[in-house]
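Hi,

Here is the structure I promised to send over. Have a look at it first, and my notes follow underneath.

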Amino acid sequence: MNESGTPTTATGQKRRRAWWRGGLAGGAGLVVILYFIVTSSVFFRGVILPRVSQALHAKITVTAATIQPLSKIVLHGLQVTPQGGEPMFTAKQVTVRYRLWSILRGHILVPEITVIEPQVTVLTHPDGTTNLDPLLPVSSNESAPAQSAAPVALDLQALTIQHGTLRYVQRQSDSRAKTVELRSLEFTARNIKNNANSQIAGTARLAVTQPEGDSVQAQWTAKFQIGLDASLRPVA
């Protein structure tokens with residue numbers, strides 16, 4: 001300190017450095033706290049899922065969620081129920097591995113999607129409505145000008161379905177129904193990307209039940225390739 005009582009330059013610099021260190025430590029602590037909040041199962045179920053449910057006009061719930069924001073999401077006990085309807089989709093576990101930085105740059109890079117024990121049910125009612133209607137956007141009568149959008153840059157390296165069930169139910173006016181069901185579905189799709197050949201393989205047990213009660217059962221097995229163009233449309 002000089003004769004007038006004013007702190008010297010060295011002392012002021014030390015205080016500023018102390019303030020900076022304290023500010024950085026506090027900021028780092030806040031980031032850590034926010035990270036654990038955002039990646040917690042409670043935050044995902046209490047904040048994220050209600051907003052997604054509102055946007056899709058469906059109730060989406062999970063029993064637990066494990067989130068690594070940059071690379072991975074694991075959902076347990078996933079259920080999707082359209083508004084005013086019955087559950088349309090359930091799964092014991094859904095695992096999605098992705099590359100966030102690639103997605104932010106416009107390239108959807110997804111190394112893995114694995115769905116364990118999914119059950120998908122599509123219901124058609126006698127009046128022609130389905131349980132999917134609440135999820136579909138309402139069409140507008142106003143004609144919007146056509147806009148050419150760049151195709152989505154997708155690279156889904158592996159899609160796997162284990163022990164799945166796909167069910168289509170066509171209900172009749174007399175309470176009977178026609179049911180088409182794929183049971184014990186095992187399905188894999190690899191290399192789903194623009195301008196590429198994708199490999200598809202699957203097995204399942206097919207069961208068809210007519211309203212009169214007659215039924216047919218068969219085993220389904222498939223393995224083939226499908227070519228995708230730059231807009232992800234099948235070409236071969």
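One definition before the notes: I count Ala, Val, Leu, Ile, Met, Phe, Trp, Tyr, Cys and Pro as nonpolar, Asp, Glu, Lys and Arg as charged, and the others, Gly among them, as polar. Please keep in mind that this is a predicted model, where local features need pLDDT of at least 70 and side-chain atom pairs count only at pLDDT 80 or more, while totals for chains, interfaces and linings use all residues. Residues are numbered from 1 along each chain as its sequence is written, and side-chain values use heavy atoms, with hydrogens and water left out.

The overall picture

The protein has three helices and 11 strands (DSSP runs numbered from the N terminus: H or I of at least four residues for helices, E of at least two for strands). Along the sequence they come in the order α-α-β-β-β-β-α-β-β-β-β-β-β-β. Of the 236 residues, 26% are buried (under 20% relative accessible area, with exposed over 50% and partly exposed in between; 1.4 Å probe, protein chains only). About 15600 Å² is exposed, and carbon and sulfur atoms supply 59% of that (Shrake-Rupley method, 1.4 Å probe; for residues, only the protein chains shown count as cover). Taking contacts (heavy atoms within 4.5 Å) with a separation of 6 or more, 50% are between residues 24 or more positions apart.

The cores

The largest nonpolar core (buried Ala, Val, Leu, Ile, Met, Phe, Trp, Tyr and Cys joined through side-chain atoms within 4.5 Å) holds 15 residues, and F44, V62, L75, L78, V80, F89 and V94 have the most contacts inside it. At least two residues of this core come from each of α2 (41-56), β1 (58-61), β2 (64-68), β3 (72-82) and β4 (89-97). A separate core of 10 residues lies apart from it, with L156, L185, I200 and A204 among its members.

V62 is a good place to zoom in. It sits in the loop between β1 and β2, and V62 counts as buried because its relative accessibility is 8%. Leaving out residues up to four places away in sequence, V62 touches F44, R45, L49, L75, H76, G77 and L78. V62 and F44 are 18 residues apart in sequence, with their C-alpha atoms 9.3 Å apart. With that same sequence cut-off, F44 touches L49, P50, V62, A65, I67 and L75.

The pocket

What lines the largest pocket? The residues are F44, L49, V52, L56, I60, L75, L78, V80, M88 and F89. By class that is 10 nonpolar, no polar and no charged residues. The largest share, four residues, comes from α2. The volume is about 200 Å³. For the method: on a 1 Å grid over the protein atoms alone, a pocket is an open set of points where a 1.4 Å probe fits, with protein on both sides within 12 Å along at least five of seven lines, and lining residues have an atom within 4 Å of a point. Points are joined across faces, edges and corners, and the volume is the space filled by probe spheres set on them.

Two threonines

T160 is in strand β8 (residues 153-171) and counts as buried because its relative accessibility is 16%. Beyond four places in sequence, T160 contacts I113, T114, V115, F187 and T188. T124 belongs to strand β7 (residues 119-124), and at 14% relative accessibility T124 is buried too. Outside its sequence neighbours up to four places away, T124 touches T129, T130, Y168, V169, Q170 and R171.

Cheers
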